[in-house]
Amino acid sequence: MSTEDLPVSDALNVLGGPLLACSYDPLTGWMRTGCCESDPDDLGRHHVCVKVSAEFLKFSALRGNDLATPRPEYRFAGLKPGDRWCLCALRWREAWEAGVAPPVVLAATHMAALEVIPLDALRRHAHEG
């Protein structure tokens, strides 16, 4: 069992169970805890744990959010396909509506994502494995 398979707080995931960590390498989350939790300052609502795809990275860059390019000044190495990352709920929904939504790790996706994304959409894009 990896550390990503352990509950990280009292928060719940979209399935109603304990919220699991999304990724420690790369370290993700609004508060860089590895978990898709946030605080009131997180206007982007970084609640959706995804497994990044090349198609999504291209889409995101075209929308003005280049997640692949390293940004050392922010201690950000850049994402590559296969990385797990806490994504803004509205960005995931935008990608879903455009047909390029990356796979979702349901157990690591915060219940608050359901405020903007239907559960059935998340389930249809669930990452297996």
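This briefing walks through the nonpolar cores, one helix, a loop and the salt bridges of the structure above. Please keep in mind that the model is predicted. Its largest nonpolar core holds 24 residues, and the salt bridges come to seven. Helix H2 is a good place to linger, since Trp92 is among the core residues with the most contacts and Arg93 of H2 takes part in a salt bridge.

**The nonpolar cores**

- Inside the largest core, which counts 24 residues, those with the most contacts are Val48, Val50, Leu79, Trp92, Ile117 and Leu122.
- Two or more residues of this core come from each of strand S3 (48-51), helix H1 (54-62), strand S4 (84-87), helix H2 (89-97) and helix H3 (119-124).
- A further core of six residues lies apart from it, and its members include Cys22, Cys36, Cys49 and Val105.
- As background, nonpolar side chains in soluble globular proteins tend to be buried together.
- If you would like one residue to click on, try Val48: leaving out residues up to four places away in sequence, Val48 touches Cys36, Trp85, Cys86, Leu87, Ala89, Trp92, Val104, Thr109, Ala113, Ile117 and Leu122.

**Helix H2 and its surroundings**

- The buried residues in H2 are Ala89, Arg91, Trp92 and Ala95.
- Looking down the axis of H2, you will find these buried residues within an arc of 165°, so they line one face of the helix.
- S3, H1, S4 and H3 are included in what covers the buried residues of H2.
- Gly99, just after H2, has a positive phi of about 80°.

**A salt bridge within H2, and a network**

- Arg93 and Glu97 join their side chains in a salt bridge, with 2.9 Å from N to O.
- These two residues sit four residues apart in helix H2, which means that about one helical turn separates Arg93 and Glu97.
- Arg93 is partly exposed at 28% relative accessibility, while Glu97 is exposed, with a relative accessible area of 55%.
- Arg63, Arg91 and Glu94 are joined into one network by salt bridges that share partners.
- Arg91 in this network is also one of the buried residues of H2.

**Salt bridges elsewhere**

- Glu115 and Arg45 meet through their side chains in a salt bridge of 2.8 Å, N to O.
- Glu115 belongs to the loop between H2 and H3 and Arg45 to the loop between S2 and S3, so this pair ties together parts that are 70 residues apart in sequence.
- Glu115 is exposed, with a relative accessible area of 55%, whereas Arg45 is partly exposed at 28%.
- Arg71 pairs with Glu73 in another salt bridge, where the closest N and O atoms are 2.8 Å apart.
- Of these partners, Arg71 is partly exposed, its relative accessible area being 37%, and Glu73 is exposed, with 52%.

**Pro40 and its loop**

- Pro40 is found in the loop between strand S2 (18-20) and S3.
- Is Pro40 buried or exposed? Pro40 is exposed, because its relative accessible area of 80% is over the 50% cut-off.
- Pro40 and Ala126 are 86 residues apart along the chain, and 27 Å separates their C-alpha atoms.

Definitions and conventions:
Residues are numbered from 1 along each chain as its sequence is written. Side-chain values use heavy atoms; hydrogens and water are left out. A nonpolar core is a set of buried Ala, Val, Leu, Ile, Met, Phe, Trp, Tyr and Cys residues joined through side-chain atoms within 4.5 Å. Buried means under 20% relative accessible area, exposed over 50%, partly exposed in between (1.4 Å probe, protein chains only). Contact means heavy atoms within 4.5 Å. The arc is that of the directions from the helix axis to the C-beta atoms. A salt bridge is a side-chain nitrogen of Lys or Arg within 4 Å of a carboxyl oxygen of Asp or Glu.
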